[in-house]
Amino acid sequence: MIYEIVILAMIAAFLGLRLYSVLGRRAEHEEEPVPHRFESPRAPDPQHEKQQVQAAADDQVPANALPFVQDGIRDIAAADRTFDITRFVDGAKAAYGMVLEAFWKGDRETLRELCDDDVYASFEGAITAREEAGEVMENRLIRIEEATIRDAVLDGRTARITVRFVSDIAAVTRDSEGNLVAGSLDDAIESRDIWTFARDVNAAGPHWILDETDEG
């Protein structure tokens, strides 16, 4: 009799432990937060995004630039998240040297890639006149002393930035027989040029083209 009571007690204890185990796990599971099926993700804050864009644009503005130049750069940087003022100036210097070298050598293909239609037509006309005269230019860009942003504007979706270059150039022109017509490679002359570069801010690549040239 006592033996049967012990057996029944053990069975009851076992069942009790199983029941507690199941209920315990269920209770723990039920205490976990249940996600709302129709709960939408947090909506973006337009004002916060605008502030982020504005802060990024402000970082691109040179402290020593004129106020209207600062405003233009800020507008361009806000419209084009990929714009970087330091990279632009470095690229403008490189383009300045490439365009000059192409013009001196009569490289129309490179000029066509780097210039808009009007600027290319001007360079091409000068190259043609030089070729018809039988003259050859042997100029060399010695150094760029200065590259300063003089103007910046966002015209619709077109960004335009004007840069003033001060450079030292050794200029030599020879005739068809190789005789010196003008200049000297021993004496560099200071050249001052004001060039305007343009780019569609919607364009996929960072390619700027020479939009206007002037002396300055």
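# Helices, rings and contacts in a predicted model

User: What span should the 13 residues of helix α3 (residues 67-79) have, and how far apart are its end C-alpha atoms?

Analyst: The expected span of a helix is 1.5 Å times one less than its number of residues. For the 13 residues of α3 this comes to 18 Å, and the end C-alpha atoms lie 19 Å apart, so the two values agree. Helices (DSSP runs of H or I, at least four residues) and strands (runs of E, at least two) are numbered from the N terminus. The model is predicted: local features need pLDDT of at least 70, side-chain atom pairs count only at pLDDT 80 or more, and totals for chains, interfaces and linings use all residues. Residues are numbered from 1 along each chain as its sequence is written, and side-chain values use heavy atoms, with hydrogens and water left out.

User: Which residues of α3 are buried, and where do they fall when seen down the helix axis?

Analyst: Buried means under 20% relative accessible area, exposed means over 50%, and partly exposed lies in between (1.4 Å probe, protein chains only). In α3, the residues Val69, Gly72, Ile73, Ile76 and Ala77 are buried. They fall within an arc of 130 degrees, so they line one face of the helix. The arc is taken from the directions from the helix axis to the C-beta atoms.

User: Why is valine 153 called partly exposed?

Analyst: Its relative accessible area is 36%. That value lies between the limits of 20% and 50%, and therefore valine 153 counts as partly exposed. Valine 153 belongs to strand β2 (residues 140-155). Beyond four places in sequence, valine 153 touches Gly72, Ile76, Thr158, Ala159 and Arg160, where a contact means heavy atoms within 4.5 Å. Valine 153 and valine 69 are 84 residues apart along the chain, with their C-alpha atoms separated by 7.6 Å.

User: How do you know whether leucine 114 is buried or exposed?

Analyst: Leucine 114, in helix α5, has a relative accessible area of 12%. This is under 20%, so leucine 114 is buried. Beyond four places in sequence, leucine 114 touches Met98, Val99, His207, Ile209 and Leu210.

User: What makes the buried residues of α6 line one face of the helix?

Analyst: Val119, Tyr120, Phe123, Ile127 and Arg130 are buried in α6. Seen down the axis, these buried residues fall within an arc of 95 degrees, so they line one face. On the other side, Asp117, Asp118, Ser122 and Glu132 are exposed. Among the elements that cover the buried residues are α4, α5 (108-114), β1 and β5 (209-215). The 16 residues of α6 should span 22 Å, and the end C-alpha atoms are 22 Å apart, which agrees.

User: Which residue with a positive phi follows α6?

Analyst: Glycine 134 follows α6, with a phi near 75 degrees. Glycine 134 lies in the loop between α6 (117-132) and β1 (136-137). Not counting residues up to four places away in sequence, glycine 134 touches Arg174, Asp175 and Ser176.

User: How many aromatic pairs does a search of the whole structure find, and what makes the pair of phenylalanine 83 and phenylalanine 88 tilted?

Analyst: The search finds ten pairs. Rings of Phe, Tyr and Trp (its six-membered ring) pair if their centres lie within 6.5 Å; planes under 30 degrees apart count as stacked, over 60 as edge-to-face and the rest as tilted. For phenylalanine 83 and phenylalanine 88 the centres are 6.3 Å apart and the planes meet at 40 degrees, so the pair counts as tilted. Both phenylalanine 83 and phenylalanine 88 are buried.

User: Why is the pair of phenylalanine 88 and phenylalanine 197 called edge-to-face?

Analyst: The centres are 6.2 Å apart and the angle between the planes is 85 degrees, which is over 60, so the pair is edge-to-face. This pair links distant parts of the chain: phenylalanine 88 is in helix α4 (residues 85-105) and phenylalanine 197 is in strand β4 (residues 180-200), 109 residues apart. Both phenylalanine 88 and phenylalanine 197 are buried. Ring pairs join Phe83, Phe88, Tyr96, Phe165, Trp195, Phe197 and Trp208 into a cluster.

User: How do you know that arginine 130 sits over the ring of phenylalanine 103?

Analyst: A charge sits over a ring if NZ of Lys or CZ of Arg is within 6 Å of the ring centre and within 35 degrees of the ring normal. The charged end of arginine 130 is 5.0 Å from the centre of the phenylalanine 103 ring. Arginine 112 lies over the face of tyrosine 120, at 4.5 Å from the ring centre.
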